[in-house]
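Trainee: I'd like to take a close look at one part of this model and then see how the rest fits around that part. Could you walk me through it slowly?

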Amino acid sequence: MAKIISYQRPGNLEEALSLISLDKHVPLAGGTLLNTSEDKEPLHFVDLQGLPLKGIERSNGKLTIGSMATLDEIMKNSGCPDSIRLSSRSELPSTLRTLATIGGTVASGDPDSQLIASLLVHDAEVTILNSAGESNVPLQEVLGESDSSGTQLILSINLDTGGDCVMEATGRTPSDTPIVSVTARRCSDGYRMAVTGVASTPVLVDSESPTVSLQPSSDFRGDSEYRMHLVKILASRTLDLLDGEK
Amino acid sequence: MQINIELNGQETAVECEAHETLLMVLRREGMSSVRFGSSSGETGASAVLFDGLLASSEVILAAQANGHSVVTLESLNTDSSLHPVQAAFAATGAMQSGYSVGAMILGTLQLLKETPDPTEIEIRDMLSGILDRETAYVKPVAAVQQAAAVLRGEEPEPFRPLILTPMTDGTNPVKVDPNDSPPKASDAIPRLIPSSEVPSTSVVGKPEVKVDAVRLVKGNPAFTADFDIRGLLHAKVLRSPHAHARIVSIDDSEALALSGVYAVIHHENVSRIKYASGGQSYPNPKPHDQVSFDNKVRHVGDRVAAVAAETPEIAEEACSLIKVEYEVLPAVFDELEAGKPDAPVIHDEVDTVDIADRDRNLVHQIFAERGDVDSALKNADRTYEQTFRVHQVQPAPIEPHISTAWLDSDQRLVVRTATQVPFHTRRMLAPLVGMDIKDVRIIKPRIGGGFGAKQEMLIEDIVAHLAIATRKPVQLELTRAEEFYASRTRHPQTLTYRTGVDSEGNLVAQELKLVGNTGPYGTHGYTVQTVAGLRGLSSYNCDNKRFDCDVMYTNIPVPGAYRGYGAPQALFGLEAHMEDIALDLGMDPIEFRRQNWVKVGDEMNIAPHLGEQGTIEEELDEYPKVMSNGIEECVAQGSRAIGWHRRHDESWKSPVDRPHIRRGLGFAFCMHGTSIPFLDMGGCSIKLNDDGSFNMLVGATDLGTGADTVLGQIAAEVLGVPLEDIRVYSSDTDVTPFDTGAYASSTTYISGAAAKKAADVVRKRLKERAAMLLDIEIPCSIELRDRRAWAPDGRSVSLEEIALDSLHLNEQEQIMGTGSHVSPDCPPPFAAQFVEIEIDTETGQIEVTKMIMAVDCGVAINPVTASGQVEGGMLQALGYAHCEEIVLDDKGTMVNPSFGPYRIYRADEMPKTEVFLVQTMEDSGPFGAKAVAEIPKDGVAPAIRNAILNATGVRIDELPFTPERVYRALKGD
């Protein structure tokens, strides 16, 4: 369990931003990751639940998901693309997805997250609030930042809902966190493809040569070579599925 | 800080600290139904309805809950009746230990509120966050369906077995018609194939609701953690970061100086008394190679020190303040490496004796032979040799190990503990704390699963030492990570079978060479490997058999007992080996086995030579024989249910729309044991109450298996009363009779026989008293049924009248009886295990799509609880075969000590599962019963392995069948 010095629940964005900029103050979303952290460094928790960040809105082919929307809410929201709903469901089991938020998931950058991979192929942008104000940043850039949790708040995730999307994964069991997964989306200007289990975060890859520049680490579930093999196989299958859906 | 929550509809103000979770606060508020499983929330045992949604309360800070609604199971307990959802969980046998049933019931309430008629997929999704090692989720799904029907106003069908017509005459095989299929029924309903040899009974053989059902479905205090005790201190253990090291120095001064710390114990202030922690009968197998705290550590996670403090957090901080200087030593993890000359010596201390060869880390050499194996192999028409590797897994009960110790007002040591072996624990604990056995009392409340991990005196000595040191009550509850690397696990082994076969396909010789890895301590090292030899060489007739085994010390987390106890390892090798021999001979694999498997009247010719207390070399005058065997009916029922004829159907095996998929079917023949002959003993006492009901005290340990219910049914049958008139209590070493404990598939057979004997005594006296009241000269002519004693002429007297007469009116006496039982027999249950799988040939991913087990367990005293045992056993066996594994890095540190990366099956990914109970009449068992608890662990792994072979032609002789391993095997790597 995390070491918690204090708990605060700001009522507005300004207060929240001010608090998280303080030393050893961290934003708390659903808590499924932070509250269970084994990190022994004592921290002040700044709970974001009091902020107006839960809405899910769709307009003009774009979907805006408030960062504090839970995976359960996304899964049950018929306005969300099936790929986002499905990946929200597979991200966590029933007793945790009611707590975990999309903002927390994005902030974690979990390399095995199929939800993040789905967001990537939907051209997700992250609306961020920091001392310079609000800005929209491509999700892959946010994932590439080493640690920005103490300086900015994720307000929402905005994505393109068009196109067809498929997912292929290999795990030890059907509901296991995939060793490798590939999510692909076909849209008007071509394919988007994202892969999990091959880098420090889910990554976008070139659908024609998905393994280029990948250097996955090995672990007990799959060594580097095997993971590369899976990327090739699963990427090919996703394209076949999308082409079959034409 | 103060928080305000709406708790079960009541505005509630609660004081809490910033770090405290909602689980901690709820338990402090008396919500005993909300239970700890892991701090990650992965088990779901702590789940509540948080603003109406199912959520694990152990990952919610109490402060986060401020201003929110929280609903726990207690909200349903407004009176003594059951809510329809609670009633459905009780009626369908949907809980075994019931540790997580509160979360399941709350999830059901939420689901049915949103979706009154949910699909099975929706139900399984709801259950996906509540891990269950016991039911395989089969009956919980049925419970939700039944509850939904009731809440929709429908009348559900009574939950009872589906009676099937036998397909065989019980002895001879039949050819199964491919067009024949079994009657359709819910997976949760046991299919019961009756035997004409089994007499009719009133309570035995009936799907009675568990005697502890109400307590469990209401979430009432039942488990060790549920009982408050004033002034409780909390313990934490400082564990070794090294796989092998000497403790050069230890400085506890800073820890002791920390406010709130009451005691720090370690090797410098705890007596060095040798013991072996395995919960086994006296005398515990040697070597006694453990002490409570040693000056040497032998695996990552080994004990270094323990602290008692006011809170778990203070105790943990104190542990971090203990300064330990280690001399790190080389370590060895592989059983084949441990005996090499350059391997480090793990037990170099002088006070551990009875190690076979300490310089080679050889703990035991076990050898037994019948006939002349070498000669038979030499003369065999064909010989086969095959080596298998099996890995280390953890039982993973959802309730971690937990014990509370205190000194009572007479200064006796009392330990309330989650144990399978209360009486062994008392005997083993007393000398460690310098007390007499009479001054130690062990109380076993309900247990949230054990599966062998709790057949160990694992932490009771720690809380006892601390309680004595502080003169205060002390509780220790392991974390989930500790449960993985500092509890007990299944032994890894390397097994080599050599088999000789004659020209007719008969076995003429079979040898099992086994190298067992017992980790750093012996505990169950001797007996598990012995049972592996026994089980690995008992299934098939063969005059020449040999077991040759080395048991090695290594520096892995400690192996011990785990349900199946050596059999799952041995039968994986045996059933794979037999499959391959059959195919090489060009024989049908089942037919080849049938030709060789033991049948009624056959001798179990190596069993007596491989005993728990040692091997026997000389030939015996007489060998035990198989007296009941329903395997032919099991094979017939299982074959039909799985569609065994499809194993050669290429159109089925290679689906045209999924070119990378191959399908396969696999089979394994399973033979297990029932108790340990001449060793396992159970006791029971029964007394009559004023109203004609009975109190029954048993030493047997119900882990959630339904043992209390089954023993109650046996007594009720004898006494002619419904089960509700038997109040069962187990177990407390001060109060209940002795029992060796819950292991070795012994409880129904041994403790059940004890219950029957005790009931027979009471029955005899009831008849005598009834004869007095009815003025009948021949008491034995009286029958007990329907709560009355009936004379041959039709007159009767109620048991209540007998009770009132005997307790208050005439020749007063307490009618009571005791019984104890030990058996010279060990009648084997048999089973046919079938699986259906799909393999992705490009990735190596396997999906097990169906598991069928047809079991001959004699007479199932309660078919619902018996089928639940089979379902849960298959789930664990599936994990063993497919995904679960303890993975160590090169320093011996477990890299996956949590449920996600360790991976146990969830409700939303389970294959279809069906259970067939094939009755046979085992005359040596109570009402014909044999064992059922462990045999479902034996066949899944070899059946999957054989299904892979059927699907792809590839043999994989190492577990588990993870995607990469399968992929590389398919590639030929």
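In which sense do strand 1 and strand 2 of chain B pair, and over how many bridges?

Mentor: Let's start right there, and keep in mind that this is a predicted model. Strand 1 of chain B, residues 2-7, pairs with strand 2 of chain B in the antiparallel sense, and six bridges link the two. To see one spot in that pairing, find Ile3(B): Val14(B) in strand 2 of chain B stands opposite.

Now zoom out a little. Those two strands belong to an open sheet of five strands in chain B, with the order 2-1-5-3-4 and mixed pairing. Read that order from end to end and you arrive at the edge strands, strand 2 (10-15) and strand 4 (53-56) of chain B, each of which pairs on one side only. Neighbouring strands in this sheet are turned by 40° against each other on average, if you ignore direction. There's a helix on this sheet too: helix 3 of chain B, residues 101-114, packs there and touches strand 3 (47-50), strand 4 and strand 5 (69-71) of chain B. The direction of helix 3 makes about 30° with that of strand 3 of chain B.

Where does this sit in the chain as a whole? The domain assignment of chain B gives four entries: domain 1 (1-163), domain 2 (229-329 + 400-485), domain 3 (333-393 + 489-563 + 574-579 + 613-622) and domain 4 (681-822). Notice how domain 2 and domain 3 of chain B are each written as more than one stretch. The C-alpha centres of these two are 32 Å apart. As for how they touch, 23 residues of domain 2 of chain B are in contact with 26 residues of domain 3 of chain B. On the domain 2 side, that's eight nonpolar, nine polar and six charged residues.

Next, some helix pairs in chain B. Two packed helices are described by the angle between their axes and the distance between the axes. Take helix 2 (residues 84-91) and helix 5 (residues 138-151) of chain B: they pack at an angle of about 140°, with axes 8 Å apart. Helix 2 and helix 5 of chain B are therefore oblique to each other, and helix 2 passes helix 5 in a right-handed crossing. From helix 2 of chain B, the contact uses Pro84(B), Val85(B), Ala88(B), Phe89(B) and Ala91(B), while helix 5 of chain B brings Ala143(B), Gln146(B), Ala147(B), Val150(B) and Leu151(B). Sort the residues of this contact by class and you get nine nonpolar, one polar and no charged.

Now try helix 18 (residues 707-719) and helix 19 (residues 747-774) of chain B, which pack at about 30° with their axes 8 Å apart. That angle makes helix 18 roughly parallel to helix 19 of chain B. The crossing here is right-handed. Helix 18 of chain B joins the contact with residues including Val710(B), Leu711(B) and Ile714(B), and helix 19 of chain B with residues including Ser751(B), Ala755(B) and Arg763(B). By class, this contact has ten nonpolar, four polar and three charged residues.

Time to hop over to chain A. Its domain assignment gives domain 1 (4-47), domain 2 (56-160) and domain 3 (164-244). The centres of domain 1 and domain 3 of chain A, taken over C-alpha atoms, are 34 Å apart. Look for an open sheet of four strands in chain A, with order 9-10-11-12 and antiparallel pairing. Strand 9 (164-170) and strand 12 (203-205) of chain A are the edge strands, and the twist averages 25° from one strand to the next. Strand 9 of chain A is joined to strand 10 (residues 180-187) of chain A by seven bridges, and Val166(A) has Ala184(A) as its bridge partner in strand 10. Helix 8 of chain A lies across strand 9, strand 10 and strand 11 (190-196) of chain A, at about 30° to strand 10.

Last stop: how the chains meet. Here 33 residues of chain A are in contact with 42 residues of chain B. On the chain A side, the elements giving two or more residues are strand 1 (4-8), helix 4 (94-97) and helix 8 (224-244). Strand 1 of chain A gives the most, with four residues. The chain A side divides into 13 nonpolar, 14 polar and six charged residues.

Key:
Residues are numbered from 1 along each chain as its sequence is written. Chains are lettered from A and ligands numbered from 1 in the order in which they are written. This is a predicted model: local features need pLDDT of at least 70, side-chain atom pairs count only at pLDDT 80 or more; totals for chains, interfaces and linings use all residues. Two residues are in contact if their C-beta atoms, placed from the backbone, lie within 7 Å. Ala, Val, Leu, Ile, Met, Phe, Trp, Tyr, Cys and Pro count as nonpolar, Asp, Glu, Lys and Arg as charged, and the others, Gly among them, as polar. Axes are lines fitted to C-alpha atoms, for helices over the stretch in contact, and angles run from 0 to 180 degrees between N-to-C directions. Angles under 35 degrees count as roughly parallel, over 145 as roughly antiparallel, 65 to 115 as roughly perpendicular and the rest as oblique. A crossing is left-handed if the near helix is turned anticlockwise from the far one by less than a right angle, and right-handed if clockwise. Domain bounds come from an automatic or database domain assignment. Two strands pair if DSSP finds at least two bridges between them.
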